[in-house]
Amino acid sequence: MTLQTTTLLEPLALRWQGLPTRDRRALSVLLVTGALLVLWFGIIGPTLNWRESTRSDLRAAEETFRQLVERAPLAMATAGNSAQGPAAGGSLNAEVRNQANRFGVVIQSFEPDGDQIRVRVDSVRFTNLMRWLGALEVRGINAPQLTLEATDRAGQVSVQASFSR
């Protein structure tokens, strides 16, 4: 490898030695200046621009985060009111049935009892039941009476519940 490098650089070294001292100095200054320009515009400048761009992106993200944190309580309050607003005015019967269908809960019996509704579900996955009850609670429907019984199938329960607003 050194043999090839010396054969490639030998003509350049001979040419360098053939230059007058003044030209060697001028060429040295020119080479150093060129190297510095390449270093500045090829590496340092783009790195500084990227760093400043990243800082401004970070500032924008922090400002967005701050605004979201400030507005979160209002959004939560608005979401709570809208979840109970239109649905709360609807029929208790319809809302219980709609949410049951949404979560795959099959209601076997449905009995109105004054301002409450009694419901019986023979077999439902426990996770689906909990999602259904959670969705009803968000809409202002609670279950003052709830009886769960294990079934023969793993992860399934039978339910008897009363719902009211």
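**Salt bridges in the predicted model**

With a relative accessibility of 41%, Glu 52 counts as partly exposed in this structure, which is a predicted model. The partner of Glu 52 is Arg 59, and the two side chains meet in a salt bridge with an N to O distance of 3.4 Å. Arg 59 is likewise assigned to the partly exposed class, because its relative accessibility is 47%. The pair belongs to a wider set, as a search of the whole structure finds 7 salt bridges. Side chains of opposite charge can pair when their charged atoms come close.

A second contact joins Glu 70 to Arg 66, the closest N and O atoms of this salt bridge being 2.4 Å apart. Both residues lie in helix H2, which spans residues 21-89, and because they are 4 residues apart they are separated by about one helical turn. Glu 70 has a relative accessibility of 53% and therefore counts as exposed, whereas Arg 66, with a relative accessible area of 37%, is partly exposed. These two residues do not stand alone, since Glu 63, Arg 66 and Glu 70 are linked in a network of salt bridges.

A further salt bridge is formed where the side chains of Arg 139 and Glu 95 meet, at an N to O distance of 3.1 Å. This pair links distant parts of the chain, with Arg 139 placed in the loop between helix H4 (126-138) and strand S3 (142-150) and Glu 95 in helix H3 (residues 92-102), the two residues being 44 residues apart. Both Arg 139 and Glu 95 are buried, in contrast to Glu 70, which is exposed at 53% relative accessibility.

Methods
Residues numbered from 1 in each chain as written. Predicted model: local features only at pLDDT ≥ 70, side-chain atom pairs only at ≥ 80, totals over all residues. Heavy atoms only, no water. Salt bridge = Lys/Arg side-chain N within 4 Å of Asp/Glu carboxyl O. Buried < 20%, exposed > 50% of the residue type's maximum accessible area, 1.4 Å probe, protein only.
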